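Reader: I have just started learning to read structures, and words like "buried" or "nonpolar" are still new to me. Could you show me how each label is decided?

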Amino acid sequence: MDRKIVLAGVGGQGIIFMTRMVGQTALNMGLNVMGSETHGMAQRGGSVISFLKVGNYRSAQIGTAAADVLISLNDMEFMRNLPYLKPAGLAVVNAPTGYRLRPELADYLTANGIEMHVVPADALATEHRLRGAVNLIVLGAAAVLNALPVAASDILETIKQVTPHRLREGNETAFSWGARAAME
Amino acid sequence: MKEDSRRLMLGNEAIARGLMESGCQFLSSYPGTPSSEILPAALKTIQELNLNVHIEWSTNEKVALDNAFAASLTGKRAACCMKQVGLNVAADSLMSAAYLGVVGGLLVISCDDPGPHSSQTEQDSRLFARFAKVPVFDPATPQEAKEMVAVCFEISEKYQVPVILRPALRVCHAREGVTLAPPLILDRPAKFKKDPSRWAATPRFRLLLHQELNKKLIALAEDFSNMPAFNFYESQTGQANLGIIAAGAPYAIVTDILVEAGIETVPILKLGTAYPLPERLIERFKDGCDHILVLEEPDTVIELLIRDKSKVLGRLTGHVPSAGEMTTDIIHNILSQTMAETKAGTLAPVDPAGQEFVSKLGLPGRRPTLCPGCPHRAAFYSIRQAFPRAIFTSDIGCYTLGLNLKAVDTVLDMGAGITMASGFYHAHQLDGTEKMIVATMGDSTFYHSGTTGLLNAVYNGSRFVLVILDNGTTAMTGMQPTPGTGAMADGSPGNRIPLERLIAGCGVDFIKVHDPYDVPTMIDLVKEAGEYIKTATPGIAVIIARHPCLIAHRRETAPFKNKPTVTAGCKGCKICLELFECPALYLVPGQDGTDSARVEIDRKICVSCGVCRFVCPEGAIEIN
Ligand code: SF4
Ligand code: SF4
C-alpha cells in the first residue's frame with residue numbers, strides 16, 4: 001500500500017518520534033520505507049516537517065500536491081503545509097474542539113475534496129495528564145482514521161517495543177485516547 | 001529488541017554503520033549540520049557491538065583530518081567527518097594528503113547543505129575533491145551511502161589516496177530501512193613504516209607525487225566507468241530525444257517523478273562518482289541521446305567536467321537554477337520544460353495553486369529565536385544596554401540569533417567574531433577614531449578557532465571587548481561536549497581545559513567570569529571592560545558570560561523559581577518584545593479600542609528564569 005505522509009509541527013512536539021513509530025511499523029511489516037526531516041535553525045519552537053513514504057520510492061522528498069495525508073500538531077503548521085496535500089487527501093489536525101476554519105480555507109478544502117479531522121489533542125493531554133504525549137494522541141487518531149499504511153494495533157506494538165519502561169504506559173494510553181477521540 | 005537485518009536509519013546513521021562494517025578503527029569529527037549525527041551513531045554501534053575504535057570530537061576539522069591521516073599511516077582504516085564548510089578549515093591537510101597518499105583507507109566525509117539550511121555557503125564538496133584531486137562518492141539514499149563507505153575504503157587502499165564521501169543534507173537526514181551486515185574486524189596492529197622522502201616530502205619530491213597522483217586519477221576514471229553498483233543506466237533500444245545524468249538526491253527525486261508519471265522514454269544515467277569523471281561510461285550513454293540534462297547539486301561539477309558539451313543542458317545553459325536546493329518541485333518543473341523543449345514527451349508542470357492560496361492567507365512567519373530563558377539573550381541584552389552604538393562582531397552558533405536583539409552586526413565564519421573585531425579596530429584607528437567594538441563568540445567556537453585570532457589581536461595591539469558566551473556545550477549542532485567541559489565523545493572524562501587559562505595564555509589580563517542572568521551587574525561589567533580597553537595594554541578585555549545551556553544541562557539548571565507576572569503597569573511599549581524578544585512574551589491587543597495593548601506571558605513555554613524583570617522600564621514585570 002503506497003502512501004505519502006507529511007507530518008508537521010514545531011520543535012519539541014515529537015514529530016520525529018511519530019515518524020519513527022509509523023516507519024518502524026511499516027518496516028516490520030516488510031514494506032519499504034523512506035523518510036526525511038527538516039528542522040529550522042532554532043532548537044525549540046521552529047517549524048519541523050517530516051516526510052514519510054511507504055512503498056516503492058527512491059526519494060524521501062514530497063512535492064506540491066503529492067501527499068496522501070497531512071498530519072499536523074498545530075493549526076498554523078497545518079495551513080502552512082496544506083500545499084503538500086493532494087486533492088481528495090486526508091488531513092488530521094490537532095486543534096481545539098469546535099475549531100472554526102477560516103471561511104476561505106473551508107472553501108479550499110471543499111473545492112479540493114480534502115477531508116479534515118480535528119483532534120483536540122492538547123485538551124485530551126491536559127485532561128488525562130499526558131502532557132508531552134500530544135503527538136501520540138494525534139497518531140492514535142490518525143491510525144484509526146485510515147491515514148496510515150499500517151494498522152493501529154501494529155503501531156501500538158512498536159510503541160511498546162521502543163519506549164522506555166517509565167514512559168510506556170503513558171504513551172500507550174495517549175495513543176488509545178487519540179484513537180477513541182477519532183472514533184467518536 | 002531482536003537483531004533485525006533491516007533497520008530504519010538516518011543517512012548519517014547508515015554511514016556510521018558502514019564505517020563499522022568496513023573495519024574503520026579511527027573516527028574524528030567536529031560537529032556541524034548536517035554531519036553531526038555520524039559520530040554519535042558510530043559510538044552507539046561501537047558500544048552495542050563492543051568494538052575497539054578510537055572516536056573523538058576534535059577541536060576543529062583540520063585537527064580531525066590530520067589525526068585521521070596519521071592513523072591511516074599506521075595501516076588502520078580511518079575516517080573523519082564534518083560539514084562542507086568544515087572542509088575549508090581542513091583544506092590544508094586535504095590538499096597535501098592527496099599528494100602524499102595513504103596506507104590504511106582514509107575516508108573524508110563532508111556533508112553538503114544545498115539550500116543552504118544551516119550554513120554560510122552552498123559550496124559543493126565535489127568541487128573540492130576536484131581541486132584536491134581526490135576521488136569523490138555521492139550517495140542518493142542512506143542505503144547507498146552505507147554501501148559506498150565500504151567501496152570508498154577499498155578504493156582508498158587500492159590507489160593509496162584519501163577518498164571523499166559527499167552526502168548532501170537530503171541523504172544525511174533521510175530515513176530508510178537499511179540492510180545491516182556484521183562489523184568487519186581487521187587485524188591491523190599500528191605500524192608506521194618510516195619513509196621521510198614520502199611522508200615529509202620536499203617540493204622536488206612533491207612534483208613526483210603530483211605526477212603519481214595524476215596517474216592514479218586516470219586509472220580511477222576507468223574503474224568508475226566499470227562500477228555498476230553506483231554508476232549505471234538501463235540500456236534502451238533506439239535513440240532517446242532526452243537522457244538525464246543525475247547524481248545524489250536529485251537522482252532519487254527524478255527517478256520517482258518519471259516512474260510516477262509513467263514516462264519510460266527518458267533514460268537516466270545514475271552517477272555516484274563525480275570525480276574523476278567516468279568519461280567512457282558517459283560518452284557511451286550520451287551516444288544514445290540527442291540531448292542530455294544534468295541534474296546535480298549544489299554546484300556544477302559533472303556538467304563542467306564533461307568535455308563535449310554540445311548536447312548538454314544544465315546550469316551552464318540556464319536550464320537548472322544556479323542557487324538553492326533541488327527540491328522535488330524544482331526538478332519537476334525543470335523536467336517538464338526540458339522535455340517539452342527537446343520533444344521528449346509531456347509532463348505537466350507543478351500546479352502552483354495551493355502555494356498561492358496559502359501565501360495569500362498571510363500566515364505569520366516563524367523566525368528562529370533563542371529559547372525561552374536562554375542565557376545568550378540575557379548577555380546580548382546587557383551588551384547592547386552597555387554600548388548601544390558599538391560594532392558587534394559575532395560568530396557561528398545558536399548565538400547568531402543575537403541578530404534579533406540587534407546585538408550582532410557581522411557573521412563571517414568560525415572565529416571571525418574576534419578577527420573581525422581586530423580588523424575593525426585597526427581600520428578605525430587609521431583615522432584616529434575610537435569606535436567601541438564588542439565581539440561575541442561561543443565557547444565551542446572559541447576552542448575551534450578563537451585562540452589564533454585572540455593571540456593575533458593581543459600581539460598587534462587591538463582594542464575591543466570580547467564576551468565569550470559560555471554555555472558549556474556545542475548547542476546548535478546537538479549538544480556535543482567541549483574541551484571546557486572535559487567530557488569526551490564517549491562521555492568519559494578527558495582533560496578539562498578551562499577557558500580562563502586558555503585566554504590568559506593568549507596574553508589577556510582582563511578576564512572576568514559572570515552569570516549573564518544577573519543583568520544589572522552584567523551591564524556594569526561590560527561598561528567596565530569598555531573603559532579598561534581604552535588605556536590598558538594589552539587593550540583586550542574578556543568577559544566569560546557563563547550560564548549552562550538550558551537544553552543541554554536541563555537537570556542542573558531547572559526548575560527556576562522566578563515566575564514572572566505582568567502587572568497593570570504595562571504600557572504596551574513593546575520594549576521587552578523588541579529588545580529582548582523572549583518567545584514567552586507576547587502582545588495582547590487592547591479591548592474595544594480603549595485600553596492599550598499589553599504584554600502577557602505564555603506559561604506553556606516560560607521557564608521562570610525571571611530575567612525579563614530587568615528589561616521592563618516600567619517595572620511592570622514582577623517576580624512572585
Ligand atoms: S512589559 Fe514593560 S517593556 Fe514590555 S511592553 Fe509592557 S511596559 Fe513595555
Ligand atoms: S521568566 Fe521571563 S525571560 Fe524567563 S522564560 Fe519566562 S518570560 Fe522569558
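## How the labels are earned

Reader: How many residues of the shell around ligand 1 are nonpolar, polar or charged?

Author: Eight are nonpolar, one is polar and three are charged. The classes are fixed in advance: Ala, Val, Leu, Ile, Met, Phe, Trp, Tyr, Cys and Pro are nonpolar, Asp, Glu, Lys and Arg are charged, and the others, Gly among them, are polar. Before we go on, this is a predicted model, in which local features need pLDDT of at least 70, side-chain atom pairs count only at pLDDT 80 or more, and totals for chains, interfaces and linings use all residues; side-chain values use heavy atoms, without hydrogens and water. Residues are numbered from 1 along each chain as its sequence is written, while chains are lettered from A and ligands numbered from 1 in the order in which they are written.

Reader: What makes a residue count as being around ligand 1?

Author: One of its heavy atoms has to lie within 4 Å of the ligand. The residues around ligand 1 include C570(B), C573(B), C576(B) and C616(B), along with K571(B), K574(B) and E618(B).

Reader: How many residues surround ligand 2, and which are the closest?

Author: There are 13, the closest being C582(B), C606(B), C609(B), G610(B) and C612(B). By class, the shell around ligand 2 has ten nonpolar, three polar and no charged residues.

Reader: How do you know what is a helix or a strand in chain A?

Author: Both are DSSP runs, numbered from the N terminus: a helix is a run of H or I with at least four residues, and a strand is a run of E with at least two. By that count, chain A has seven helices and six strands. Its radius of gyration, taken over C-alpha atoms, is 15 Å, close to the 16 Å from the globule rule for 184 residues (2.2 Å times the number of residues to the power 0.38), so chain A is as compact as a globular protein of that length.

Reader: And what are the corresponding values for chain B?

Author: Chain B has 23 helices and 22 strands. Its radius of gyration is 27 Å, close to the 25 Å that the rule gives for 624 residues, so chain B too is as compact as a globular protein of that length.

Reader: Why is A88(A) called exposed?

Author: Exposed means over 50% relative accessible area, buried means under 20%, and partly exposed is in between, using a 1.4 Å probe and protein chains only. A88(A) has 62%, so it is exposed. A88(A) is found in strand 5 (residues 85–94) of chain A, and its phi is positive, near 65°, in a residue other than glycine.

Reader: Is N50(B) buried or exposed?

Author: N50(B) has a relative accessible area of 69%, so it is exposed. Its phi is also positive, near 55°, and N50(B) lies in the loop between helix 2 and strand 3 of chain B.

Reader: How do you know that helix 1 of chain B is largely enclosed?

Author: Ten of the eleven residues of helix 1 (residues 11–21) are buried, so the rest of the structure largely encloses this helix. Among them are I15(B), L19(B) and M20(B).

Reader: What makes strand 15 of chain B mostly covered?

Author: Six of its six residues, 437–442, are buried. I437(B), A439(B) and M441(B) are on one side, with V438(B), T440(B) and G442(B) on the other. In general, side chains in a regular strand alternate between the two faces of the sheet.

Reader: How do you know that strand 15 of chain B pairs with strands 14 and 16?

Author: Two strands pair if DSSP finds at least two bridges between them. Three bridges join strand 14 to strand 15, and five join strand 15 to strand 16, so both cases meet the cut-off. Both pairs run parallel. I391(B) is bridged to I437(B), and T440(B) to V467(B).

Reader: What makes the β-α-β unit in chain B right-handed?

Author: With the strands pointing away from the viewer, the path from the first strand over the helix to the second must run clockwise. The unit of strand 14, helix 17 and strand 15 of chain B is right-handed.
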